[in-house]
Amino acid sequence: MAQRVVSIGSRSGLHARPAATFVQAASQAPLPVTITVEGRPPVAADSMLGVMTLGVGYGDQVTLTAEGEQAEAVLDGLADLLGKELDA
């Protein structure tokens with residue numbers, strides 16, 4: 001199982017546009033990915049409702065998890081995306 005811990009780069013956190021951008025990218029992944037923040041259960045990264053319920057803000061750390069042959073590459077791409085300002 002592969003994991004990445006990422007600090008959120010969007011000033012508005014994972015809300016509205018940044019969340020939609022992330023969820024769209026996660027839904028295109030060839031394997032299931034989960035996202036979680038400390039103290040919360042993991043949710044499917046391709047679920048807009050799930051991602052929004054995490055209440056992730058700017059600078060918060062999230063953990064992405066995936067399992068499978070392409071997990072490392074998928075998580076690298078998603079982690080890179082979350083580290084950027086997505087609300088510009």
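**Entry 1: β2 and its partners.** I began with strands β2 and β3 (residues 43-44) in this predicted model, and I noted that the two pair in the antiparallel sense over 2 bridges. Within that pairing I looked for the residue facing I35, and I found V43 of β3 standing opposite. The hairpin that β2 and β3 form has 5 residues between the strands, and there I wrote down G39, which takes a positive phi near 90°.

I then turned to strand β4 (residues 61-66), which also pairs with β2 in the antiparallel sense, over 5 bridges. For V33 I looked up the bridge partner in β4 and recorded A66. Before leaving β2 (residues 33-37) I checked how covered the strand is, and I found that 4 of its 5 residues are buried.

**Entry 2: the largest nonpolar core.** Next I asked which residues of the largest nonpolar core touch the most other members. Of its 27 residues, the ones I listed are L14, F22, V33, I35, L64 and L82. I went on to the elements that give two or more residues to this core, and these are β1, α1 (16-27), β2, β4 and α3 (71-82). The largest share, 6 residues, comes from α3. As background I noted that in soluble globular proteins nonpolar side chains tend to be buried together.

I followed L64 further and, leaving aside residues up to four places away in sequence, I found that L64 touches A2, Q3, R4 and V6, as well as F22, T34 and I35, and also L75, L78, A79 and L82.

**Entry 3: R4.** Since R4 was among the contacts of L64, I looked up its place, which is in strand β1 (residues 2-7). Is R4 buried or exposed? I counted R4 as buried because its relative accessible area is 18%, which is under the 20% cut-off. I then searched for a polar partner, and I found a contact of 2.5 Å that joins the side chains of R4 and E72. With residues up to four places away in sequence again left out, R4 touches V62, T63 and L64, and besides these E72, L75, D76 and A79.

**Entry 4: A16.** Last, I looked at the backbone of A16, whose place is in helix α1. I noted that A16 has a positive phi of about 50° although it is not a glycine. For context I added that most residues other than glycine have a negative phi.

How values were computed
Residues are numbered from 1 along each chain as its sequence is written. This is a predicted model: local features need pLDDT of at least 70, side-chain atom pairs count only at pLDDT 80 or more; totals for chains, interfaces and linings use all residues. Side-chain values use heavy atoms; hydrogens and water are left out. Buried means under 20% relative accessible area, exposed over 50%, partly exposed in between (1.4 Å probe, protein chains only). Two strands pair if DSSP finds at least two bridges between them. A polar contact is a pair of N or O atoms within 3.5 Å; within protein, one must be able to donate a hydrogen and the other to accept it, and residues adjacent in sequence count only if both atoms are side-chain atoms. Contact means heavy atoms within 4.5 Å. A nonpolar core is a set of buried Ala, Val, Leu, Ile, Met, Phe, Trp, Tyr and Cys residues joined through side-chain atoms within 4.5 Å.
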